[in-house]
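Hi,

Here is the structure I said I would pass on. Have a look at it first, and then read my notes underneath.

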Amino acid sequence: MDNSKSHFVGQSKIRWLLNKTNEDWINLAISNPMEILLDHAHCERKAAGVALQLMFRYVSEPGLSEVLSPLAREELEHFERVLSILNARGEKLQKLASPPYAAILGKNIRKDEPLRMLDSFLVAGLIEARSHERMKLLSVHSPDIELRNLYADLLKSEARHFGIYWKLADERFERNSLTSRLEDLAKVESDALVKMHHEPRMHS
């Protein structure tokens, strides 16, 4: 990859988000720190599952497992770190109603290959990009020093994770069709957040 492409990947993590998180979400999140933390644990667990699912779905795809296996492992390490903080504060992992965000994005993944592969990479990348944006907000606005430090540490990985999914797509699909589809899905992502889930969630 040349330097110009590396720069593009590095900057895309925020560029592709069409709207910024509003103050209503920030206020809801910092008023419900443990529920956000619990939801964050589920997000890390699900992110690991997405990487593993893609590995199994495209088991013969050259170079895919070599990238996604360490990504899944890192997501699980993050899950364990969040779980440890929950446990230390007397909380246990439990079921939590999910906002419609991921389901809305998932419904826009096309069924036929190779378009399904492309959309799967891009949807996963957009979710990572939004996670990065929101962790950054929490790292600034959370009044809890331990949680502020947690989100500050983890957001660095979320930015890199978008780049991983972008690169997987960019290596396999023509750039113009890739960016055009990413623009479409970014609009879906933005619209999904407009329909705000009024319970405190990372992606509400």
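Below is what turned up when I went through the model.

One thing before the details: this is a predicted model, so please read everything here with that in mind.

**The pocket**

Let's start with the open space. The largest pocket holds about 680 Å³. It has 33 lining residues, and those closest to the centre are Lys 46, Val 50, Ala 102, Val 123 and Ile 127. Which helices build the wall of this pocket? At least two lining residues come from each of H3 (33–57), H5 (101–107), H6 (115–141) and H7 (145–170). H3 gives the largest share, with 11 residues. As for chemistry, the lining of the largest pocket is a mix: 15 residues are nonpolar, eight are polar and 10 are charged.

**The cavity**

There is also enclosed space to look at. The count gives one cavity of 30 Å³ or more, and the volume of the largest cavity is about 50 Å³. Around it you will find Ala 29, Ile 30, Pro 33, Ile 36, Leu 138, Ser 142, Pro 143, Leu 147 and Tyr 151. H2, H3 and H7 are the elements that contribute two or more of these lining residues. What sort of residues line the largest cavity? Eight of them are nonpolar and one is polar, with no charged residue in the lining.

**Salt bridges**

The total here is 14 salt bridges. Three of them are worth pulling up on screen.

Take Glu 61 and Arg 172, whose closest N and O atoms are 2.8 Å apart in a salt bridge. Glu 61 sits in the loop between H3 and H4 (64–88), and Arg 172 in the loop between H7 and H8 (175–194), so this pair ties together parts of the chain that are 111 residues apart in sequence. Are the two partners buried or exposed? Neither label fits: Glu 61 is partly exposed at 25% relative accessibility, and Arg 172 is partly exposed too, at 22%.

Asp 191 and Lys 187 make a local contact instead, both lying in helix H8, four residues apart, or about one turn of the helix. Their side chains meet in a salt bridge at 2.8 Å, N to O. Asp 191 has a relative accessibility of 31%, which makes it partly exposed, and Lys 187 is partly exposed at 43%.

Then there is Arg 201, which forms a salt bridge with Glu 199, the closest N and O atoms being 2.7 Å apart. Arg 201 counts as buried, with a relative accessibility of 1%, whereas Glu 199 is partly exposed at 35%. Glu 35 joins in as well: Glu 35, Glu 199 and Arg 201 are linked in a network of salt bridges.

**Aromatic rings**

The count comes to one aromatic pair. It is formed by Trp 16 and Trp 166, which are stacked, with 6.4 Å from centre to centre and 20 degrees between the planes. Where in the chain do Trp 16 and Trp 166 lie? Trp 16 is in the loop between H1 (3–15) and H2 (23–31), while Trp 166 belongs to helix H7, so the pair links distant parts of the chain, 150 residues apart. Both rings belong to buried residues: Trp 16 has a relative accessibility of 5%, and Trp 166 has 1%.

Another tryptophan has a charged neighbour. Arg 134 lies over the face of Trp 25, at 4.4 Å from the ring centre.

**A cis peptide bond and one last pair**

Do check the backbone at Pro 114. The peptide bond from Glu 113 to Pro 114 is cis, with omega near 5 degrees. Most peptide bonds are trans. Pro 114 is found in the loop between H5 and H6.

Lastly, Leu 76 is part of helix H4 and is partly exposed, with a relative accessible area of 35%. From Leu 76 to Leu 93 the separation is 17 residues in sequence and 14 Å in space, C-alpha to C-alpha.

That's the lot from me. Shout if you want to go through any of it together.

Cheers

Methods:
Residues are numbered from 1 along each chain as its sequence is written. This is a predicted model: local features need pLDDT of at least 70, side-chain atom pairs count only at pLDDT 80 or more; totals for chains, interfaces and linings use all residues. Side-chain values use heavy atoms; hydrogens and water are left out. On a 1 Å grid over the protein atoms alone, a cavity is a set of points where a 1.4 Å probe fits but cannot get out, and a pocket is an open set with protein on both sides within 12 Å along at least five of seven lines; lining residues have an atom within 4 Å of a point. Grid points are joined across faces, edges and corners, and a volume is the space filled by probe spheres set on the points. Ala, Val, Leu, Ile, Met, Phe, Trp, Tyr, Cys and Pro count as nonpolar, Asp, Glu, Lys and Arg as charged, and the others, Gly among them, as polar. A salt bridge is a side-chain nitrogen of Lys or Arg within 4 Å of a carboxyl oxygen of Asp or Glu. Buried means under 20% relative accessible area, exposed over 50%, partly exposed in between (1.4 Å probe, protein chains only). Rings of Phe, Tyr and Trp (its six-membered ring) pair if their centres lie within 6.5 Å; planes under 30 degrees apart count as stacked, over 60 as edge-to-face and the rest as tilted. A charge sits over a ring if NZ of Lys or CZ of Arg is within 6 Å of the ring centre and within 35 degrees of the ring normal.
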